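This report describes strand pairing and nonpolar cores. Please look over the sequence and the structure first.

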Amino acid sequence: MPGVPPAAGDAPARIAPPPVVGLVSLGCPKALVDSERILTELRRAGYALGADYAGADVVIVNTCGFLDSAKEESLEAIGEAMAENGRVVVTGCMGAEAARIRERFPGVLAVTGPAATEAVVEAVRAAAPIAPQPFVDLVPEAGLKLTPRHTSYLKISEGCNHACAFCIIPQLRGRLVSRRPDAILREAEKLVAAGTRELLVISQDTSAYGRDLAHARFGASGLRAHITDLARALGQLGTPEAPVWVRLHYVYPYAHVDELIPLMAEGLILPYLDIPFQHASPRILKAMRRPASEARTLERIRAWRAMVPDLAIRSTFIAGFPGETEADFQHLLDWLEEAELDRVGCFAYEPVAGAAANALPGLPPREVREERRDRFMAHAAALSARRLSRKVGQTIRVLVDEVDGTGGATGRSAADAPEIDGRVLLRDAHGLRPGDLILAHIEESDAFDLFGVPAGQ
Ligand code: SF4
């Protein structure tokens, strides 16, 4: 999960459940495929699917318009959905007769034709918007607004099979449901063809990808539903002339994560791992019920860095978890110092309604939680400054995000994910465009950002 945002009060924070969408699907197998696509997109966008009219925030009626009898059946279905629920989006073949539908049911929210997945999803979003939820959203809110064409999020699964004590995602989003690897690859190919230069792979638990599919093979190429195989396939989408960055988020350090490191060494995926460690004290990790939190993590980080010296590791932590003593917290600071993580965020623990951790004893007072968070962040800033200063004098690859028209540009290195990590601020960057992948000579650094000048393509 992305982490726990800063606390606002000691009462458990309430997370709104996602809006529920109902669907009535009429017609032929093609219409059924359209319905499946719509449901997949809605599920991916975070909507829950409902089985009846009553509990739905909006109902989609996928109509058939082949024969008069089918049209009549479609109109009846729309009428039933209007009577039972009243918030109805109509799609499918009969959508071609929008005027007839609107004349009979002036209150329908939207009418689209067949194979109009995007328009249907847009209509659902307008009718039942999902409020941003910092506790559970994988993508930073700003990221959604600002995602430029050259950077795309690629969601590979939804849900989670773990039961971390502070987290309610499994209750909200259900158990792990992985997408087919060939479908993910097709989506990635389309994104790359449309100009994406960086794929940000997200899920609740990226390293568990494909477990629910028994890591089976799919599609004509027999691509295995496993993160190593998927990452390799994504890494092969680029060409020497138009490379594509593949960045993995929310990776738990299961044993097979070691298999990803050679892909980084080969240059197929970015030398970047976003691992939400959350803590380092074995006692607290146990209380948190964290997956893959074994004692050898430091050793493994060293082994990874021996193979890929420029590996950047980002993580999030929670300070002041119930039962955390000053000794546990000090253990965390010492661990951070040894692990030398590149980018970290830390949140003062906050109870979330429905989370098992609320029942744990020993919640440190708010001031202590916040003081520990601040101490952690001061430590992390010093560590980050130290690690970034090693880049001064080097020439590194930078993906340009923005140009300001007066010769300045902002980009990111392989070590920087958008919105959550640092930036590379460039001077004398005339003629660059967002999406350009260039070389930059680094002249200065501070605690979070690098400063440099373009040094060629
Ligand atoms: S791994 Fe733990 S924190 Fe992450 S989504 Fe699953 S239960 Fe929540």
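Strands are DSSP runs of E with at least two residues, numbered from the N terminus, and two strands pair if DSSP finds at least two bridges between them. The model is predicted: local features need pLDDT of at least 70, side-chain atom pairs count only at pLDDT 80 or more, and totals for chains, interfaces and linings use all residues. Residue numbers start from 1 along each chain as its sequence is written.

A barrel is closed by five strands in the order β16-β17-β18-β20-β19, with mixed pairing. From one strand to the next the twist averages 50°, where axes are lines fitted to C-alpha atoms and angles run from 0 to 180 degrees between N-to-C directions.

The table lists three strand pairs.

| Strands | Sense | Bridges | Citation |
|---|---|---|---|
| β19 (residues 437–445) and β20 (residues 450–454) | antiparallel | five bridges | |
| β6 (residues 151–155) and β9 | parallel | five bridges | |
| β9 and β12 (residues 245–248) | parallel | four bridges | |

A440 has P454 in β20 as its bridge partner. For Y153 the bridge partner in β9 is L200, and for V201 the partner in β12 is L248.

Strand β9 (residues 198–202) is largely enclosed by the rest of the structure, because four of its five residues are buried. Buried means that 20 or more other C-beta atoms, placed from the backbone, lie within 10 Å of the residue's own.

A nonpolar core is a set of buried Ala, Val, Leu, Ile, Met, Phe, Trp, Tyr and Cys residues joined through C-beta atoms within 7 Å. The largest has 80 residues, and L199, A231 and V246 are among those with the most contacts inside it. A second, separate core of 30 residues includes Y47 and V88.

Conventions
Buried ≥ 20, exposed ≤ 12 C-beta atoms within 10 Å, placed from the backbone.
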